[in-house]
There are 2 protein chains.
Amino acid sequence: MADSIVDSLKAGGKKLTKPRQAILAILESNALPVTAAEVHARLKKAHAHMDLATVYRNLTMLQELGLVDPVGLREGQMRYEVRHGREHHHHIQCRGCGRIVDLMLCPIKKLTELVEAQTKFAVEGHSLEFFGWCPQCR
Amino acid sequence: MADSIVDSLKAGGKKLTKPRQAILAILESNALPVTAAEVHARLKKAHAHMDLATVYRNLTMLQELGLVDPVGLREGQMRYEVRHGREHHHHIQCRGCGRIVDLMLCPIKKLTELVEAQTKFAVEGHSLEFFGWCPQCR
DNA sequence: GCGGTGTTGCAAGTGATTTGCATTTAACAC
DNA sequence: GTGTTAAATGCAAATCACTTGCAACACCGC
């Protein structure tokens, strides 16, 4: 596991329990954002079964520490992905099969100033997702 | 109610029932995206009480017809707004008070080609939301 | 090894959204 | 108008994602 993650946990007064390590291992092994249920299922497959509530509690906590990013794709459930070692990016999801693909681009940085000028808000984050049809489904 | 809405309903084989008209009236009177529960509450205030399930069924159907757009702000519930007579736009929400403000801008049109080239997907839609702190809360 | 605090498992609880079904109602033809 | 029929509604129950209370447990620093 990445040192930066261990350090952040320690700095946040969090312990490095066995279930937590297993969750982080799953998250780090996944390139794409996963749901709590998916993490839970993959943990079970990896013989690291734990309660679903533990998965949820950890995902929430990791998000608060800024170690994972939430990804909302209007699926009725949240997805999460580790931040460590990954560039800021977005996603596109196929409306046919649900497949998710990373988009290594972000047009937002340039826009923040404009949004702040228009709204007087202090912009702190954004979400951007694309929807469409993948080559197999269209 | 706008003719274009009536026409779309008819074209979709949908009836113009009294509950449905009341829902559309509420939606058209709201500048900002609303939740099903909010629609339900405002209907009650307007002496047009109906079952919450009816509100959900109508919002889903109106979305399928393309008459309303879903807006997901990671609140654990969906919001909806009528499309008729409104320009394509996005939103910013305050992390303090939850206030939502329209953003009459969209950097995505120019990006669609790039996304399609990178992914081979046919892009059909996108969601873009900003989060931050409003003048009162920051 | 001990103590204290953060964690976990389990079971129960929430809150949003959906569904089955019997009853009603708009829409359209006669 | 009246009848016909497909769509829509109300009501109750169900589902699904997620959260919470609490007692037992496991890290971590000393």
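This is a short tour of a predicted model, from a strand in chain A to the nonpolar core and then to DNA strand D.

**Stop 1: the sheet in chain A.** Select strand β3, residues 78–82 of chain A. Four of its five residues are buried, so the rest of the structure largely encloses this strand. Now add β2(A), residues 68–72. β2(A) and β3(A) pair antiparallel over five bridges. Look for A:Asp69, which stands opposite A:Glu81. Follow the chain through the hairpin, where five residues separate the two strands. In the turn, A:Arg74 has a positive phi of about 60°. Next, show β1(A), residues 34–35. Two bridges join β1(A) to β3(A), again antiparallel. A:Val34 has A:Tyr80 as its bridge partner.

**Stop 2: the nonpolar core.** Select Ile92, Val115 and Phe130 in both chain A and chain B. These residues have the most contacts inside the largest nonpolar core, which has 26 residues. β4 (90–94) and β6 (122–133) of each of chains A and B supply at least two core residues apiece. Zoom in on A:Val115. Its contacts beyond four places in sequence include A:Val123, B:Ile92, B:Leu103 and B:Phe130.

**Stop 3: DNA strand D.** Show the 19 residues that surround DNA strand D. Among the closest are A:Tyr56, B:Lys15 and B:Arg20. Sugar and phosphate make up 62% of the strand D atoms within 4 Å of the protein. Which atoms of B:Thr17 and B:Thr54 should you check? In B:Thr17, a side-chain N or O atom is 2.7 Å from a phosphate oxygen of strand D. In B:Thr54, a polar side-chain atom lies 2.6 Å from a phosphate oxygen of strand D. For A:Leu16, pick the backbone: an N or O atom there is 3.0 Å from a phosphate oxygen of strand D.

How values were computed
Residues are numbered from 1 along each chain as its sequence is written. Chains are lettered from A and ligands numbered from 1 in the order in which they are written. This is a predicted model: local features need pLDDT of at least 70, side-chain atom pairs count only at pLDDT 80 or more; totals for chains, interfaces and linings use all residues. Side-chain values use heavy atoms; hydrogens and water are left out. Buried means under 20% relative accessible area, exposed over 50%, partly exposed in between (1.4 Å probe, protein chains only). Two strands pair if DSSP finds at least two bridges between them. A nonpolar core is a set of buried Ala, Val, Leu, Ile, Met, Phe, Trp, Tyr and Cys residues joined through side-chain atoms within 4.5 Å. Contact means heavy atoms within 4.5 Å. A residue is near a molecule or strand if one of its heavy atoms lies within 4 Å of it. A polar contact is a pair of N or O atoms within 3.5 Å; within protein, one must be able to donate a hydrogen and the other to accept it, and residues adjacent in sequence count only if both atoms are side-chain atoms.
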